[in-house]
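Grab a pencil and work through these short exercises on cysteine links and strand pairing. Try each task on the structure before you read its solution.

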Amino acid sequence: MAAAKHAVAALLIVALAVAMSTSASAQPLQKRRARQPPIMSKPGDPKKLPPNGKYTTVTTNRFHKRQYEITCTTDNGAACYIKCPARCPNKCLAYCAYCLTFCLCDFMPGTSCGDPRFTGGDGNTFYFHGRKDESFCLVSDAGVHVNARFMGNHNAATGRNFTWVQALGVTFGDGHRLYVGARRAAEWDEDEDHVQVVLDGEPVDVEAAKNARWVSQAVPGLSVTRTDAVNAIAVELDGVFSISANAVPITDDESRAHSYGKTEKDSLVHLDVTYKFHGLTKDVDGVLGQTYRPDYVSKLDVTAKMPVLGDADKYLSSGIFATDCAVSRFRHRSANAGAAFTAFAS
């Protein structure tokens with residue numbers, strides 16, 4: 001009797017195994033997608049931005065060693081290792097789908113970045129080097145005037161001079177004066193705020209938190225917003241302008257690649273800036289302002305590797321808030337504006 005029971009049990013096990021095998025073989029084979037090896041990002045072409053792309057902001061630091069994997073994959077399923085472009089090694093945007101990187105200054109006309117590279121309102125890129133410790137009018141129109149204060153460094157080994165935008169002086173309305181500058185630092189600390197904002201002689205204090213916002217009680221429509229916890233702000237005057245500024249240093253890699261001659265005494269902190277203006281007149285002028293004119297035609301060879309705008313003296317201002325450059329179009333002038341806030345340059 002026991003033997004019969006064991007025989008029946010064995011038959012049931014065999015039948016069950018056959019049934020499971022038949023069921024499994026009836027299912028279509030699922031081909032497992034092979035894991036793709038990780039790939040290294042490539043700098044994207046600023047003139048061929050992906051339409052409606054989804055971007056990830058990448059900020060490098062001393063722990064990442066400027067090359068690391070972010071939590072995104074390409075369309076092929078491969079992990080994307082990001083290295084920000086040489087033009088913006090500290091902060092960039094990653095387009096994960098194709099493992100491409102772009103600089104923030106690639107995304108809109110009206111920018112000044114690096115040493116200094118401008119993108120005009122007409123979409124063309126050019127260089128304007130200005131001069132160390134002097135101010136030049138970038139945009140001058142009836143109701144707004146923007147000067148840039150240039151900082152510089154001399155490489156004794158090569159005999160070359162290099163410049164960057166250290167601060168902006170914005171004069172608007174009935175003579176309001178807005179200062180946005182980068183604080184000097186011997187050693188760069190990404191956790192320390194290097195951006196300084198001053199309105200009509202009074203420091204503007206904004207909480208050190210992303211999206212923290214300050215609204216002026218004295219100037220209607222004027223606000224300052226932190227686009228990151230430190231070193232990145234956006235200043236907006238409703239209906240007039242929106243200016244976003246990022247304080248960035250020159251890295252050791254950049255200095256070696258371009259022979260900037262950076263030393264341990266100065267990390268060469270400067271501003272990368274994007275500008276948006278509203279209601280400019282057809283007479284607007286300045287290094288950048290002229291490119292917004294409806295009839296503007298660039299005289300530069302925009303196909304050259306480094307088209308350079310000359311005639312620096314044409315745009316020279318006597319101070320960071322002076323509206324006395326040769327091409328000035330600002331209607332509200334102040335004789336004492338040029339002398340103000342020189343202390344904030346350091």
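**Exercise 1.** Work out what C80 and C99 form, and where in the chain the two residues lie.

*Solution.* Start with the sulfur atoms: those of C80 and C99 sit 2.0 Å apart. A disulfide needs a pair of cysteine sulfurs within 2.5 Å, so C80 and C99 form one in this predicted model. Next, look at the torsion about their S-S bond: it is about 90 degrees, so the disulfide is right-handed. Now find the two ends. C80 belongs to strand β5 (residues 79-82), while C99 is in the loop between β6 (91-95) and β7 (100-102). The pair therefore ties together parts that are 19 residues apart in sequence. Finally, check the surroundings: C80 and C99 are both buried.

**Exercise 2.** Find the handedness of the link between C88 and C103, and decide whether each cysteine is buried or exposed.

*Solution.* First confirm the bond: C88 and C103 form a disulfide, with 2.0 Å between their sulfur atoms. The angle about the S-S bond is -85 degrees, and this link is left-handed. It connects distant parts of the chain, with C88 in the loop between β5 and β6 and C103 in the loop between β7 and β8 (111-113), 15 residues apart. For the last step you need the cut-off: buried means under 20% relative accessible area. C88 has 9%, so it is buried. C103 has 3%, so it counts as buried too.

**Exercise 3.** Do the same for C137 and C325, and say how many residues apart they are.

*Solution.* The S to S distance is 2.4 Å, and a disulfide joins C137 to C325. At 100 degrees about the S-S bond, this link is right-handed. C137 lies in strand β11 (residues 135-140) and C325 in the segment after β22 (316-317), which puts them 188 residues apart. C137 is buried at 0% relative accessibility, and C325 is buried at 4%. How many disulfides does the count come to? Four.

**Exercise 4.** Trace the open sheet of eight strands and name its edge strands.

*Solution.* Follow the order β10-β9-β8-β21-β20-β19-β18-β17, with antiparallel pairing. The edges are β10 (125-127) and β17 (213-215), each pairing on one side only. From one strand to the next, the twist averages 15 degrees. Now zoom in on one pairing: β17 and β18 (residues 222-226) pair in the antiparallel sense over three bridges. Here W214 stands opposite V224 in β18.

Key: Residues numbered from 1 in each chain as written. Predicted model: local features only at pLDDT ≥ 70, side-chain atom pairs only at ≥ 80, totals over all residues. Heavy atoms only, no water. Helix = DSSP H or I, 4+ residues; strand = E, 2+ residues; numbered from the N terminus. Buried < 20%, exposed > 50% of the residue type's maximum accessible area, 1.4 Å probe, protein only. Pairing = 2+ DSSP bridges. Axes fitted to C-alpha atoms, helices over the stretch in contact; angles between N-to-C directions.
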